[in-house]
Amino acid sequence: MQRRDFLKASALGVAGTMVPGTILSAATPKAAKKTSALAKVNLGFIGLGQQAMYLLNGFISMDDVRVVAGCDVYDIKRDRFVRRVTDYYKGKGEKKVKVDVYEDYNDLLARPDIDAVVIATPDHQHAVIAIAACKAGKDIYLEKPVTLTIYEGQQLVKAVRKYNRILQVGSQQRSSDEFIHAATLAREGELGTIRKIKVYVGRNAVNPDSPAPAPCNLPKEAVPAGLNWDKWLGPLPESVYYHNSFDPIITPEENEKLWGAWRWYKVTGGGLMTDWGAHMFDVAQWAIGKDGSGPVEVIPPGYSYYDHLTYRYDNGIIVSEEPFDGKRQGVQIYGDDGWIKVSRGRFAASDPKFDMKVADTDVPFETKVGHHRKFIDAVLSRNDPNVPVEVGHSSCTVCNLGNIAMELGRPVVWNPIVQKFMHDEEATKLMHYEYRKGYSLDV
């Protein structure tokens, strides 16, 4: 076979064997069979923060979707959700609009008329809520990173397949032209043998020297009226205290531009490694055919002669977390026959034959309908979407492996086939944390 034909066949082989439940079997439960016959998908939202508002703008515009309910532990976010959904449907000519809101996600999941849910809570709630949704017979659009810990991801994969659910991960790059073009060039051998990939996930003021989460040194503050802090914590220990930056008050309106700072701190989040890493390391794994797999060794920056966080794969490819295009998050892929670099709204290459024109648009990336559309199509067809749970879990695992290596300050050896650290009890302990009483990952 010619090299290009061999690589194409290899890519198809990986895609065809990675996910055993790509098309749901005849054993699909009654709830799923009911969903496949729907003309309109009734959708509920769990987590009504800023990201959820972007997603709402995309999903609510689809003719075969009806947004019927929302859930959040903060009353001002529930009120905003009702207002926006009501205003949208009334703007379409409806005189009476009914949209329900809940403080407890279990109340939303108990509704038999809801076919699917969008989960956009803080990351530490993803696994618990998504597994509960699987058990309730709901399909799931789950924001990235899919889980806070590696073990949570392992359990979520089991739940999605056990209950025959559709789960789409919010990795929008998989449905964006510039990233599709970049991954296709790499996977089809146009760049020759891939040697190295640079991934940059950015830095922020909380931890300007590293993409890892920072220790939480914020002062404890009084919990505002209307926020159920106990439900916000979910499985986290009660020793995690409230600070307004974790769940910002969204009034006045300019405060809606604030992102919850929980993502930057250890215990509540994974820093930029999981926030942007879940996007950009996902693209890197996609480009080299490692969906559902991962690296075999992770080396932290500053160890020996390594200046950057470095991943080694069993095929010899090296992936490093380092800037390459200023401060812009993205991916640069180096092959024997050229290089390409891609980020949101940008594409560049070493040779014009690799290039593409990226369409200009002022639509926020999170609101673009293409990725959301793939989820709804999957719900209706009962076929897996383009980012199923196994892919989201493997990409999230890469991010968490980097955080673990940086926390330990030494290399870790990972077996992506069995998803275990090799003879490393210290690293294994960091695959999860102890939930507080009342929460579990039972599948």
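## Exercises on a predicted model

By class, the largest cavity is lined by five nonpolar, four polar and no charged residues. That is a taste of what's coming. The model is predicted, so keep that in mind as you work through the exercises.

### Exercise 1: Enclosed spaces

Work out how many cavities of 30 Å³ or more the count comes to, and what lines them.

*Solution.*
Step 1. Start with the count: it comes to two cavities of 30 Å³ or more.
Step 2. Take the largest cavity, which holds about 40 Å³ of space. Look for Asn204, Val206, Asn207, Ser210, Pro211, Ala212, Trp264, Gly271 and Leu272 around this cavity.
Step 3. Sort that lining by class, and you get back to five nonpolar, four polar and no charged residues.
Step 4. Now go to the second largest cavity, with about 30 Å³ of space. Its lining is made of Lys144, Pro145, Val146, Val169, Ser171, Ala278, Gly392 and Ser395.
Step 5. Sort again: four are nonpolar, three polar and one charged.

### Exercise 2: Checking a helix

Check whether the ends of helix α4 (residues 75–91) are as far apart as they should be, then find what the helix packs against.

*Solution.*
Step 1. Helix α4 has 17 residues, and at 1.5 Å a residue it should span 24 Å. To get there, multiply 1.5 Å by one less than the number of residues.
Step 2. Compare that with the model: the end C-alpha atoms of α4 are 24 Å apart, so the two agree.
Step 3. Pick out the buried residues, using under 20% relative accessible area as the cut-off. In α4 they are Lys77, Arg78, Arg80, Phe81, Val85, Thr86 and Tyr89.
Step 4. Here's a handy rule for looking at such a list: an α-helix has 3.6 residues a turn, so residues three or four places apart point the same way.
Step 5. See what those buried residues touch: they pack against β1 (41–46), α3 (50–59), β2 (65–71) and β3 (100–102).
Step 6. Step just past the end of α4 and you'll meet Gly93, with a positive phi of about 105°.

### Exercise 3: Two pockets

Find the volume of the largest pocket and of the second largest pocket, and say what lines each of them.

*Solution.*
Step 1. The largest pocket has a volume of about 870 Å³. Its lining runs to 48 residues, with Ala120, Thr121, Pro122, Trp262 and Arg263 nearest the centre.
Step 2. Ask which helices contribute: α3, α4, α5 (105–109) and α9 (229–233) each supply at least two residues to this lining. The largest share, three residues, comes from α3.
Step 3. Sort the lining of the largest pocket by class: 21 nonpolar, twelve polar and 15 charged.
Step 4. Move on to the second largest pocket, at about 500 Å³. It has 19 lining residues, and those nearest its centre are Lys266, Val267, Gly269, Glu407 and Leu430.
Step 5. Helix α13 (residues 389–408) gives the most to the lining of the second largest pocket, with five residues.
Step 6. By class, the lining of the second largest pocket has ten nonpolar, six polar and three charged residues.

### Exercise 4: Strand β4 and its partners

Show which way the residues of strand β4 (residues 116–119) point, and how β4 pairs with β1 and β5.

*Solution.*
Step 1. Ala116 and Val118 point one way from β4, Val117 and Ile119 point the other way, and all are buried.
Step 2. β1 pairs with β4 in the parallel sense over four bridges. Leu43 is the residue opposite Ala116.
Step 3. Strand β5 (residues 139–142) also runs parallel to β4, again joined by four bridges. Here, Val117 stands opposite Ile140.

### Exercise 5: The nine-stranded sheet

Trace the order of the nine strands in the open sheet, then follow β14 to its neighbours.

*Solution.*
Step 1. The order is β13-β12-β11-β7-β10-β9-β8-β14-β15, and the pairing is mixed. At the edges are β13 (346–349) and β15 (420–421), each pairing on one side only.
Step 2. Strand β14 (residues 412–415) has Val412 and Trp414 on a covered face, while Val413 and Asn415 are on an uncovered one.
Step 3. Strand β8 (residues 297–299) pairs with β14 in the antiparallel sense over two bridges, and Val298 is opposite Val412.
Step 4. β15 is antiparallel to β14 too, over two bridges, with Trp414 opposite Phe421.
Step 5. The hairpin of β14 and β15 has four residues between the strands, and Gln419 takes a positive phi near 55° there.

How values were computed: Residues are numbered from 1 along each chain as its sequence is written. This is a predicted model: local features need pLDDT of at least 70, side-chain atom pairs count only at pLDDT 80 or more; totals for chains, interfaces and linings use all residues. Side-chain values use heavy atoms; hydrogens and water are left out. Buried means under 20% relative accessible area, exposed over 50%, partly exposed in between (1.4 Å probe, protein chains only). Contact means heavy atoms within 4.5 Å. On a 1 Å grid over the protein atoms alone, a cavity is a set of points where a 1.4 Å probe fits but cannot get out, and a pocket is an open set with protein on both sides within 12 Å along at least five of seven lines; lining residues have an atom within 4 Å of a point. Grid points are joined across faces, edges and corners, and a volume is the space filled by probe spheres set on the points. Ala, Val, Leu, Ile, Met, Phe, Trp, Tyr, Cys and Pro count as nonpolar, Asp, Glu, Lys and Arg as charged, and the others, Gly among them, as polar. Two strands pair if DSSP finds at least two bridges between them.
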